[in-house]
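Open the model in your viewer and keep the selection panel at hand. This tour goes stop by stop: select, look, move on.

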Amino acid sequence: MANENLYRVLASRFPKHLASPCMILADGRVWTYGDVQRASARMANLMLALGLQKGDRVAAQVEKTPEAMVLYLAAIRAGMVFLPLNPAYQRQEVEYFLCDATPGLFVCRPQARPLADEAAAKAGVKHVLELGDDGRGSLITSAAPHSDNFNTVQRKGDDLAAILYTSGTTGRSKGAMLTHRNLAVNALTLHEYWGFKPGDVLLHMLPIFHVHGLFIASHCALLKGSPMLFENKFDAARALQLLPQATVFMGVPTYYTRLLAEPGFTREHCRQMRLFISGSAPLLRENFDDFIDRTGHTILERYGMTEGAIFTSNPYGGERRGGTVGFPLPCTEVRIVDDAGMECAAEDIGNIQVRGGNVFAGYWQMPEKTREEFTADSWFKTGDMGKRDVDGYVSIIGRSKDLVITGGLNVYPKEIEERIDAITGVAESAIIGLPDADFGEAVTAVVVRARGATGTALTEASIISALRGEIASFKLPKRVFLVDDLPRNAMGKVQKNILRQRYSMQTSGS
Ligand code: AMP
């Protein structure tokens, strides 16, 4: 039987010359593909020596380092299920994840050891090892005596490779189970679709506790045996230093906003660049347009989620259409249906559903929730609303739970946000619904002023009057709050739940 272990798929494409660079670090150190193979073998051997069995979970709450990347590769290579955790998670969150996923090994930062031990004891986790932000720790010293060789463990395509907890905003966070096939199918499709080729250099500044940095970016580079400029985090000034050595960059929309805010950012930085990709949250239209003017590059926007990595992408070769997320990938079917499950006509807004080899296997230990989120014919209900234009380009309108229903009428936040964003002096905006005795929900706008904007000052009244006559009156915001920033999570998503909480308190008190 063929071994469908994802590590085998990745390693089969590693360069023949194993001394080729895989991860190039800020301090000049280089991890070659050979180093990655040997270090992942040592860690995989250690996992087996600890008594871990195929399918056991390996949880890691560590900083982004090459060793952390290798830990991921070692876990899948040894047939374990990798469970990355955001280093920002606090005691209660860590306890929940460990108790829910019951890993056999938990790798933590040394400074979090006391907390990790407590959580591990509660969850019955047998082994806790440390990996520091400098890449040292008991994980490394314990792995050091082990062999540099390891036969990648036999896995079937539908065996689990990873569990990623979704950043749920309500109720319990759900563990999305991703199989070796899910990850391999998406990685193989993407590196073709985005034209990865010899000579590519990926500027990798994303975190690796999320699908975007851990799977989407890294897998594309690994499948081509390409080097990654492996940076601990995004920093716009540092990006300007590194872009001239790179050919591909992947980022969340905030990274693009910050790059554009650098006055010195010009075409010169991008002379070698082949491709800029954006995803994980909607790219501001203004940033899409400004980026073309400043760099001559058209950002390629794509759409996906933890439950299957990427579903749609603008084309590499054809027209990349701003405000859209392009077409379904060859590995994914996408349909847009109304609430009765009927396919929507072009331009009609509906619920986005997906099906395909990359779509996840369900939520860890939540069979009920899994059943609810899939249709009888195996389509996954993404919870996103969207539409297709007449040419087949898909646009995301937003999460269905963010839809505002006012006086029984639907208001799609994106439509109003786009209009507000176009008003002079506005940087960006978020539309939320707040409880209202008359309307059920009241359309409410939270608006960020553009930095250094000159001219007439923005006010609640000026924004409402700019919208009046442009949109139906039931869509007009009842209130407008002017702010300096919108709350965002680590992946750049606007946290509308926080806005709803903040302003429903203010308005209920007013
Ligand atoms: P996550 O599981 O954290 O990756 O979040 C996935 C969600 O991010 C999706 O369900 C969408 O709501 C949103 N998302 C991802 N990419 C885009 C995009 N290009 N435009 C708009 N929303 C996006």
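Helices (H or I, at least four residues) and strands (E, at least two) are DSSP runs, numbered from the N terminus. This is a predicted model, in which local features need pLDDT of at least 70 and side-chain atom pairs count only at pLDDT 80 or more, while totals for chains, interfaces and linings use all residues. Residues are numbered from 1 along each chain as its sequence is written, and side-chain values use heavy atoms, with hydrogens and water left out.

**Stop 1: the domains**

Colour 6-267 as domain 1 and 404-507 as domain 2. These bounds come from an automatic or database domain assignment. The two centres, taken over C-alpha atoms, are 37 Å apart. Ten residues would be hard to pick by eye, so here is the tally: the contact takes 10 residues from domain 1 and six residues from domain 2. Contact means heavy atoms within 4.5 Å.

**Stop 2: the second largest pocket**

Select Thr254, Tyr255, Thr257, Arg258 and Arg488. Of the 49 residues that line the second largest pocket, these are the closest to its centre. The pocket has a volume of about 1200 Å³.

Two terms apply here. On a 1 Å grid over the protein atoms alone, a pocket is an open set of points with protein on both sides within 12 Å along at least five of seven lines; a cavity is a set where a 1.4 Å probe fits but cannot get out; lining residues have an atom within 4 Å of a point. Grid points are joined across faces, edges and corners, and a volume is the space filled by probe spheres set on the points.

Why does the second largest pocket lie between domain 1 and domain 2? Both domains give residues to its lining, so it lies between them.

Now add the elements that give two or more residues to this lining: strand S4 (81-84), helix H10 (253-260), helix H11 (285-295), strand S22 (426-436) and strand S23 (440-449). H10 gives the most, with six residues. Colour the lining by class: 29 residues are nonpolar, seven polar and 13 charged. Ala, Val, Leu, Ile, Met, Phe, Trp, Tyr, Cys and Pro count as nonpolar, Asp, Glu, Lys and Arg as charged, and the others, Gly among them, as polar.

**Stop 3: helix H10**

Stay on H10. Six of its eight residues are buried. Buried means under 20% relative accessible area, exposed over 50%, partly exposed in between (1.4 Å probe, protein chains only). Pick out Pro253, Thr254, Tyr255, Tyr256, Leu259 and Leu260: these are the buried ones. Their cover includes helix H9 (236-242), strand S11 (248-251), strand S12 (275-278) and H11.

**Stop 4: the largest core**

Select Met23, Met47, Tyr72, Trp194, Phe249 and Met250. They have the most contacts inside the largest nonpolar core, which has 118 residues. A nonpolar core is a set of buried Ala, Val, Leu, Ile, Met, Phe, Trp, Tyr and Cys residues joined through side-chain atoms within 4.5 Å.

Zoom in on Phe249. Leaving out residues up to four places away in sequence, its contacts include Leu203, Met205, Phe234, Tyr255, Tyr256 and Leu259. Another core lies apart from this one, with 21 residues, among them Val81, Leu85, Ala120 and Ala123.

**Stop 5: the cavity**

How many cavities of 30 Å³ or more does the structure hold? There is one. About 40 Å³ of space lies in the largest cavity. Select its lining: Asn182, Leu183, Asn186, Ala187, Leu190, Phe215, Ile216, His219 and Ala309. Helix H7 (180-193) and helix H8 (211-224) each supply at least two of these residues. H7 gives the most, with five. By class, the lining has six nonpolar, three polar and no charged residues.

**Stop 6: three single residues**

Val185 is in H7. It counts as partly exposed, at 23% relative accessibility. Beyond its neighbours within four places in sequence, Val185 is in contact with Cys331, Gly357 and Asn358.

Next, go to Thr179 in strand S8 (residues 175-179). Thr179 is buried, at 4%. Its C-alpha lies 7.0 Å from that of Phe360, 181 residues away along the chain.

Finish on Gly79, in the loop between helix H3 (66-77) and S4. Is Gly79 buried or exposed? Buried, with a relative accessible area of 0%. Outside four places in sequence, Gly79 touches Asn5, Lys54, Gly55, Val153 and Arg155.
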